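Student: I am new to this structure. Could you take me through a single part of it, closely, and show how that part sits among its neighbours?

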Amino acid sequence: MTLDPHELLSTTRSVRRHLDRTRDVPLEVVLDCLRVAQQAPNGADAETWRFVVVRDPGRRAAIGDCYRRANADFAATVAERAVAGEAWAARKLASSGVFWEHLGEVPVLVVAGVEDQGELDGSPYGLASAYASVLPAVWSLQLAARLRGVGSCLVTSHLRLADEVTGLLGLPSTFRHAGMVALGYLTKERFRPAPRRPLSDIVRLDHWEGVVPEQP
Ligand SMILES: Cc1cc2nc3c(=O)[nH]c(=O)nc-3n(C[C@H](O)[C@H](O)[C@H](O)COP(=O)(O)O)c2cc1C
């Protein structure tokens, strides 16, 4: 599909309801996207990023089960609030409920992480350098996928049970989880920009007290 760069960047959403769980995403397509992702910036060009592409149905099901258990309290709260008539909860349940329950049926799960080279010591430098050496690539993976008609959702809730996921995939002790991208062909083509807070709520100019004009 053709998308101009601005539309690609502003309408690539976290897709849950519109991922086709019945259609395989070929490995070559995922690897093509990861080749693009590899062009993202990364600290010292050390390429400490690591990706495990999970296509095996049994392993996906096991990860999906971890996700469901790890997310159960949140999912239950959303369901209760939807029943109580809270509109946001009803919307959330409609867009995400099936995905949360059936994540393991999404054709590809890409577990992303970074190899701890001893600098991940909890300092601002260590943390920022480590995770910022994989997360730009994760977003590039999502953008590259979208251009191929493949939707995605980055998730981290399963990491409440990170040790289980580590065990399931035989990840080394140096692997630090950064998130997981669920990938499936899109059942809908066009998406809209999401409503977000005014820029002046989240951007400061020159100093923490510096206000940016809403419309320059
Ligand atoms: C760090 C991070 C963790 C996330 N974890 C989850 C998750 O566990 N489950 C989920 O359904 N969505 C998850 N998301 C997706 C967010 O809910 C989504 O990005 C947000 O609602 C904004 O929607 P949009 O991406 O379509 O603009 C996560 C996103 C990020 C960046």
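**From the ligand shell to a helix and the core**

Tutor: Start with strand S3, residues 150–155, which gives the most to the shell around the ligand: 3 residues. Keep in mind that this is a predicted model. The residues around the ligand include Cys 153, Leu 154 and Val 155. Others listed there are Arg 13, Ser 14, Arg 16, Ser 96, Thr 156, Ser 157, Gly 179 and Ala 194. By class, the shell holds 4 nonpolar, 5 polar and 2 charged residues.

Now turn to helix H3, residues 57–70. Its buried residues pack against S3, and also against strand S1 (49–54), helix H5 (87–102), strand S2 (108–115) and helix H8 (162–169). Those buried residues are Ile 63, Gly 64, Cys 66, Tyr 67 and Ala 70. Seen down the axis of H3, they fall within an arc of 155°, so they line one face of the helix. On the other side, Pro 57 and Gly 58 are exposed. The length fits too: at 1.5 Å a residue, the 14 residues of H3 should span 20 Å, and the end C-alpha atoms are 20 Å apart.

Both H3 and S3 give two or more residues to the largest nonpolar core, as do helix H2 (27–37), S1, H5, S2, helix H7 (135–147) and strand S4 (175–185). This core has 38 residues. Its largest share, 6 residues, comes from S2. Ala 112 is among the residues with the most contacts inside the core, alongside Leu 109, Val 110, Leu 141, Ala 182 and Leu 183. Beyond its sequence neighbours up to four places away, Ala 112 touches Phe 51, Val 134, Val 138, Ala 178, Gly 179, Met 180 and Val 181.

Conventions
Residues are numbered from 1 along each chain as its sequence is written. This is a predicted model: local features need pLDDT of at least 70, side-chain atom pairs count only at pLDDT 80 or more; totals for chains, interfaces and linings use all residues. A residue is near a molecule or strand if its C-beta atom, placed from the backbone, lies within 6 Å of it. Helices (H or I, at least four residues) and strands (E, at least two) are DSSP runs, numbered from the N terminus. Ala, Val, Leu, Ile, Met, Phe, Trp, Tyr, Cys and Pro count as nonpolar, Asp, Glu, Lys and Arg as charged, and the others, Gly among them, as polar. The expected span of a helix is 1.5 Å times one less than its number of residues. A residue is buried if 20 or more other C-beta atoms lie within 10 Å of its own, exposed if 12 or fewer, and partly exposed in between; C-beta atoms are placed from the backbone. The arc is that of the directions from the helix axis to the C-beta atoms. Two residues are in contact if their C-beta atoms, placed from the backbone, lie within 7 Å. A nonpolar core is a set of buried Ala, Val, Leu, Ile, Met, Phe, Trp, Tyr and Cys residues joined through C-beta atoms within 7 Å.
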